[in-house]
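Thanks for coming. I will take a few minutes on one structure, so please have a look at it first.

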Amino acid sequence: MKYLIVLVVVVLGIWLWRSNRRADANERSASAPPPPSPPLLEIVACPVCGVHLPARDAVSGSRALYCSTDHQRQAEH
Ligand SMILES: [Zn+2]
């Protein structure tokens, strides 16, 4: 009977230890910084026609970013 009580205490202790560890892990993941967001897509407006487009798709002129080479030529020549 004495051994049974010891066994129950040991099992209870292991169970408590394990649940504490799980709570710690949950806390750690909750306080972890959020994953880095993708770089913000920069939108530029063509100064000729005013159309908005992503900067990486724009045609870069010497003065501004344009929607097409036509508008770049139109604005700068
Ligand atoms: Zn344009």
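Which residues does Cys-67 touch, not counting residues up to four places away in sequence? Before I answer, a reminder that this is a predicted model. The residues touched by Cys-67 are Cys-46, Cys-49, Val-51, Leu-53 and Val-59. Cys-67 itself sits in the loop between β4 and α2. With a relative accessibility of 24%, Cys-67 counts as partly exposed, since the buried class ends at 20%.

Two of those contacts lead to the metal site. The zinc ion has four coordinating residues: Cys-46, Cys-49 and Cys-67, each through SG, and His-71 through ND1. The distances run from 1.9 to 2.3 Å. Along the chain, the donors are spaced as C-x2-C-x17-C-x3-H.

What is the arrangement of the four donor atoms around the zinc ion? The angles they subtend are 97 to 117°, so the arrangement is tetrahedral. For reference, the ideal angle for four tetrahedral donors is 109.5 degrees.

With several cysteines in one place, disulfides come up. How many does a search of the whole structure find? The search of the whole structure returns zero disulfides.

Now the accessibility of the other donors. Cys-46 has a relative accessibility of 2%, and therefore counts as buried. His-71 also counts as buried, because its value is 18%. That value lies under the 20% limit for buried residues, whereas Cys-67, at 24%, is partly exposed.

Next, the helix. His-71 lies in α2, which spans residues 69–76. Outside the stretch up to four places away in sequence, His-71 touches Cys-46, Val-48, Cys-49 and Tyr-66. Among these, Cys-46 and Cys-49 are also zinc ligands.

Which residues of α2 are buried? They are His-71, Gln-72 and Glu-76. They are on the same side of α2, because they cover an arc of only 115° around the axis. What they pack against is β3, residues 59–60, and β4, residues 65–66.

Gln-72 is worth a separate word. Gln-72 is in helix α2 and counts as buried, because its relative accessibility is 19%. With neighbours within four places in sequence left aside, Gln-72 contacts Val-59, Gly-61 and Tyr-66. Tyr-66 is also on the contact list of His-71.

That brings us to Val-59, in strand β3. Is Val-59 buried or partly exposed? At a relative accessible area of 21%, Val-59 is partly exposed. Its contacts, again without neighbours within four places in sequence, are Ala-64, Leu-65, Tyr-66, Cys-67, Ser-68, Thr-69 and Gln-72. From Val-59 to Thr-69 the C-alpha to C-alpha distance is 6.2 Å, and in sequence the two are ten residues apart. So much for the contacts on that side.

By way of contrast, take Cys-67 and Val-10. In sequence they are 57 residues apart, and their C-alpha atoms are 72 Å apart in space.

Last item: charged pairs. How many salt bridges does the structure hold? There are two.

One of them is back in the helix. Arg-73 pairs with Asp-70, with 3.7 Å between the closest N and O atoms. The two are three residues apart in α2, which means they are separated by about one helical turn. Both partners are partly exposed: Arg-73 has a relative accessible area of 47%, and Asp-70 has 49%.

The other salt bridge joins Arg-56 and Asp-57, where the closest N and O atoms are 3.9 Å apart. Arg-56 is exposed, with a relative accessible area of 67%, while Asp-57 is partly exposed at 46%.

To go back to where we started: Cys-67 is a zinc ligand in the loop between β4 and α2, and the residues it touches include Cys-46, Cys-49 and Val-59. Val-59 in turn contacts Gln-72, one of the buried residues of α2. That is what I have; I will take questions.

Definitions and conventions:
Residues are numbered from 1 along each chain as its sequence is written. This is a predicted model: local features need pLDDT of at least 70, side-chain atom pairs count only at pLDDT 80 or more; totals for chains, interfaces and linings use all residues. Side-chain values use heavy atoms; hydrogens and water are left out. Donors are N, O and S atoms within 2.8 Å of the metal (3.2 Å for Na, K and Ca); water is not among the atoms, so sites may look incomplete. Four donors count as tetrahedral if all angles lie between 85 and 135 degrees; four count as square planar and six as octahedral if opposite donors are over 155 degrees apart and all others between 65 and 115; anything else is irregular. Buried means under 20% relative accessible area, exposed over 50%, partly exposed in between (1.4 Å probe, protein chains only). A disulfide is a pair of cysteine sulfur atoms within 2.5 Å. Helices (H or I, at least four residues) and strands (E, at least two) are DSSP runs, numbered from the N terminus. Contact means heavy atoms within 4.5 Å. The arc is that of the directions from the helix axis to the C-beta atoms. A salt bridge is a side-chain nitrogen of Lys or Arg within 4 Å of a carboxyl oxygen of Asp or Glu.
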